[in-house]
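Colleague: I'm new to this structure and would like a close look at one part of it. Could you walk me through the pockets and whatever surrounds them?

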Amino acid sequence: MDKIITDDMLKTLMEAAADSDTSLLREPEAVYGWEKAEGNYTIDDYYALPDNVRAELIDGIFYYLSAPTITHQIISGRLYNTLDRYIEDKNGDCVPLIAPCDVQPDREDDRWMIQPDVMVVCDRNKLEDDRCVRGAPDFVAEVLSPSTKKRDRTVKRRKYRETGVREYWMIDPETEMIEVYIFKSTETDVLPRVYPFHETVPVSIFCGDCKVDFAKITRRR
């Protein structure tokens, strides 16, 4: 059975996240010749990064993204395949995508460009720019890591909710738990449902008809 997380449980999960963020690119101007203050970088600066630098732009700040672990890749890949097969079998119009793929969650906010691990976009107009998703995906899943979980739980979760993401999963390989947020436009905040890896997890945007079996996914680790 799925569980509704309580405030105390959520606080414990938050406190378990890393307090420091060593992935922050604190001196981009020293490397690339930029002179902007931290927090003022835009998508134009993002596209000026060298091709071999993978980063996210969050509230005008650059964060370096390291190579994912094998476990991370297995979880992301199997989740993507499950969503892709379901949409294909149903002849659906939604498009599943997997990182690295750029997303500007708010078309009007040029201080954000992120790379969710797995997502589903159902509005094809958001894919008109072939190099980037312009607007919020319908479904987003992030596989947590020590260097990213604090951002995934805080600023990114808030941005996803505010920009119209309908469903957000945070998958934690360390605790083997999945937190599922179902966002609604009238809510300022919402508590997640929590699933252990040994349970199947329904995908809400598909009315629970699509289910992800994490036990099968983790057996391949």
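What volume does the largest pocket have? And please take me from there to the elements and residues around it.

Modeller: Happy to. Keep in mind that this is a predicted model. The largest pocket comes out at about 540 Å³.

Before going in, here is the setting. The protein has seven helices and 13 strands. It has 221 residues, and 49% of them count as buried. If you take the contacts between residues at least 6 apart in sequence, 55% of them join residues at least 24 apart.

Now the pocket itself. Its lining is made of 33 residues, and the ones nearest the centre are Pro68, His72, Asp117, Val143 and Ser145. Sorted by class, that lining has 11 nonpolar, 12 polar and 10 charged residues. Three elements each give at least two residues to the lining of the largest pocket: helix 4 (70–89), strand 8 (139–143) and helix 5 (149–153). Helix 4 gives the most, with five residues.

That makes helix 4 a good place to stop for a while. You can check its length with a bit of arithmetic: 20 residues at 1.5 Å a residue should span 28 Å, and the C-alpha atoms at its ends are 28 Å apart, so the two agree. Quite a list of its residues is buried: His72, Ile74, Ile75, Ser76, Gly77, Leu79, Thr82, Leu83, Tyr86 and Ile87. You've met His72 already, as one of the residues nearest the centre of the largest pocket. The buried residues of helix 4 pack against strand 4, strand 6 (118–121), strand 8, strand 9 (167–172), strand 13 (211–213) and helix 7 (214–219). Strand 8 therefore turns up among the packing partners of helix 4 as well as in the pocket lining. Just past the end of helix 4, Asn91 takes a positive phi of about 55 degrees.

Let's zoom in on one residue of that helix, Tyr86. Its relative accessibility is 15%, and the cut-off for buried is under 20%, so Tyr86 counts as buried. Setting aside residues up to four places away in sequence, Tyr86 touches Phe206, Asp209 and Cys210. Asp209 sits 123 residues from Tyr86 along the chain, yet their C-alpha atoms are separated by 9.0 Å. The side chains of Tyr86 and Asp209 also make a polar contact, at 3.0 Å.

On to the second largest pocket, which holds about 180 Å³ of space. The residues lining it are Tyr46, Tyr47, Leu49, Pro50, Asp51, Val53, Arg54, Ala55, Pro100, Asp102 and Gln115. By class, that's seven nonpolar, one polar and three charged.

Pick out Asp102 from that lining. You'll find Asp102 in the loop between strand 4 (95–98) and strand 5 (103–104). With 12% relative accessibility, which is under the 20% limit, Asp102 counts as buried. Beyond residues up to four places away in sequence, Asp102 touches Tyr46, Tyr47, Met113, Ile114, Gln115, Arg131, Cys132 and Val133. With Gln115 there is a polar contact between the two side chains, at 3.0 Å. Gln115 is also in the lining of this second pocket. As for Pro116, it lies 14 residues from Asp102 in sequence, with the C-alpha atoms 7.9 Å apart in space.

Two of the residues that Asp102 touches, Tyr47 and Met113, are also in contact with Arg134. Arg134 belongs to strand 7 (residues 133–134). At 15% relative accessibility, Arg134 counts as buried too. Apart from neighbours within four places in sequence, the contacts of Arg134 are Ile43, Tyr47, Gln104, Arg107, Met113, Lys126 and Asp129. With Gln104, the contact includes a polar one of 2.4 Å between the side chains.

One last stop is helix 6 (residues 155–163), where Lys156, Arg157, Lys159, Tyr160 and Arg161 are buried. What covers them includes strand 2 (55–58), strand 8, helix 5, strand 9 and strand 10 (177–182). Strand 8 and helix 5 will be familiar from the lining of the largest pocket. Just after helix 6, Gly164 takes a positive phi of about 110 degrees.

Conventions
Residues are numbered from 1 along each chain as its sequence is written. This is a predicted model: local features need pLDDT of at least 70, side-chain atom pairs count only at pLDDT 80 or more; totals for chains, interfaces and linings use all residues. Side-chain values use heavy atoms; hydrogens and water are left out. Helices (H or I, at least four residues) and strands (E, at least two) are DSSP runs, numbered from the N terminus. Buried means under 20% relative accessible area, exposed over 50%, partly exposed in between (1.4 Å probe, protein chains only). Contact means heavy atoms within 4.5 Å. A polar contact is a pair of N or O atoms within 3.5 Å; within protein, one must be able to donate a hydrogen and the other to accept it, and residues adjacent in sequence count only if both atoms are side-chain atoms. On a 1 Å grid over the protein atoms alone, a cavity is a set of points where a 1.4 Å probe fits but cannot get out, and a pocket is an open set with protein on both sides within 12 Å along at least five of seven lines; lining residues have an atom within 4 Å of a point. Grid points are joined across faces, edges and corners, and a volume is the space filled by probe spheres set on the points. Ala, Val, Leu, Ile, Met, Phe, Trp, Tyr, Cys and Pro count as nonpolar, Asp, Glu, Lys and Arg as charged, and the others, Gly among them, as polar. The expected span of a helix is 1.5 Å times one less than its number of residues.
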